[in-house]
Amino acid sequence: MGIYVIIISPIQLSEGNDGAVDFYTIIRHYIGLNMIGIRTLLRFKTTDCKKDLGTVFKKMNKDTKQLFGDLLEKNKTRKQRLKLADKITGAEKEKENNYLNRLKSQITPTMEDDISSMVNDSKQNLNQEYYRKLTAETLPEIIIHETPKRDIPSVTNILNITMSEKSKAALENWKKSMIEKLGEDGFNKYSKELMAMGSAMHTKIQSHLKGCQPDVSHFDEVENCWKSLDAVLKNVSKPILVEKMVVHDGLSYKGVVDCVAFYKDTPVVIEWKKSSRDKSSLQATYDAPIQLAAYMGAVNNDISYDFKVEEGLVVVAYSDGHPANVFKLTKQACLDYWKIWMGRLNKYKQIQSSFK
């Protein structure tokens, strides 16, 4: 009486994509047979033996458990995990939609609320072919001409002036609590330090994207942010614009865009943010996606550049060094936030006209 013996080393018992490991899966993976073939393979050669095949499997599974331990995840546990993950994903999506709807409800549609004011279709899409052409023509300086600064409002200034009353109150309460804690002079010093750290982080990223070795910052928080961005920066390549002034000629506003580059081979406008608190959702970044949409519209309509970009990335780096959060904005998401930006810009113009 004989039996086929299959020997599988412990290193081959690695966790699969779904986290579950069972004996049937291992056999099917390594032998490439269907279940009928497996049963035939494991059946005793002699028909004299009356042992039930189930008993054989039980014994083999028992032996496997003794050798390699319990399953990493049982089917029941896996189903529960996936069901919970679906609920979390759905809840986050619902929160994001509610956030967008609340912002949209605060704005009045204008004649300029169309795609053409954000995306100039006369420009070509930024892609790999365009990048090869651009770098071949303009190296070592990728962009030769830079739009001159004009006497028009900046994106940051517009967003600050049109901030909601709720956000203004929250900012004012934070300022008061910090002054109580640090004193007036201490708070002013702290504010300047925050700005200096933000600037140092952007400078470090800029050096890296331009192929230079970034200097070590004397701010520990900046170095921690650099560590936080490690995995993200590995996926950022082919920078086109880095810390460049962009102007939307039709809507008369300007701003300094953090970065236009490729992220995992997709052209995007990137907005870098620094935080000491976890930002687990896009709405937790407050006006960052609106700011991103504003810069994207300026890039797409600036006469200095003949390309357009339709997707974006908000990246939050953490001052304690834990991995950064990356929020990808699709073309539709960018258009949604563009409409909100148009409302803020319209509100700004109304405020300014009331002072005249």
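## An exposed loop residue

Asp-215 is exposed, because its relative accessible area is 65%, and a residue counts as exposed when that value is over 50%. This comes from a predicted model. Where along the chain does Asp-215 lie? Asp-215 belongs to the loop that runs between helices H7 and H8.

Which residues does Asp-215 touch, leaving aside those up to four places away in sequence? The partners are Lys-204 and Glu-223. Lys-204 is eleven residues from Asp-215 along the chain, and the C-alpha atoms of the two are separated by 6.8 Å. Both partners turn up again in the next section, since Lys-204 of H7 and Glu-223 of H8 help to make the contact between these helices.

## The helices on either side of the loop

Now let us look at the two helices themselves. Two packed helices are described by the angle between their axes and the distance between the axes. Helix H7 covers residues 165-209 and helix H8 covers residues 220-228; their axes come within 9 Å and cross at roughly 40 degrees. That angle makes H7 oblique to H8. The crossing of H7 past H8 is right-handed.

On the H7 side, the contact is made by Met-197, Ala-200, Met-201, Lys-204, Ile-205 and His-208, and on the H8 side by Glu-221, Val-222, Glu-223, Cys-225 and Trp-226. Sorted by class, the residues of this contact are seven nonpolar, one polar and three charged.

## A second helix pair

Further along the chain, helix H10 (residues 288-301) meets helix H11 (residues 331-354), with axes that come within 8 Å and cross at roughly 90 degrees. H10 and H11 are therefore roughly perpendicular to each other.

H10 brings Pro-289, Ile-290, Ala-293, Ala-294, Met-296 and Gly-297 to this contact, while H11 brings Cys-334, Tyr-337, Trp-338, Ile-340, Trp-341 and Arg-344. Here the classes come to ten nonpolar, one polar and one charged.

## The protein as a whole

Stepping back, how many helices and strands does the protein have? Its secondary structure consists of eleven helices and seven strands. The protein has 356 residues, and 39% of them are buried.

If you consider contacts between residues at least 6 apart in sequence, 70% of these join residues at least 24 apart. The accessible surface of the protein is about 21,500 Å², and carbon and sulfur atoms account for 52% of that area.

Methods
Residues numbered from 1 in each chain as written. Predicted model: local features only at pLDDT ≥ 70, side-chain atom pairs only at ≥ 80, totals over all residues. Heavy atoms only, no water. Helix = DSSP H or I, 4+ residues; strand = E, 2+ residues; numbered from the N terminus. Buried < 20%, exposed > 50% of the residue type's maximum accessible area, 1.4 Å probe, protein only. Contact = heavy atoms within 4.5 Å. Areas by Shrake-Rupley, 256 points an atom, 1.4 Å probe, with all protein chains shown as cover. Axes fitted to C-alpha atoms, helices over the stretch in contact; angles between N-to-C directions. Parallel < 35°, antiparallel > 145°, perpendicular 65-115°, else oblique. Left-handed = near helix turned anticlockwise from the far one by under 90°. Nonpolar A, V, L, I, M, F, W, Y, C, P; charged D, E, K, R; others polar.
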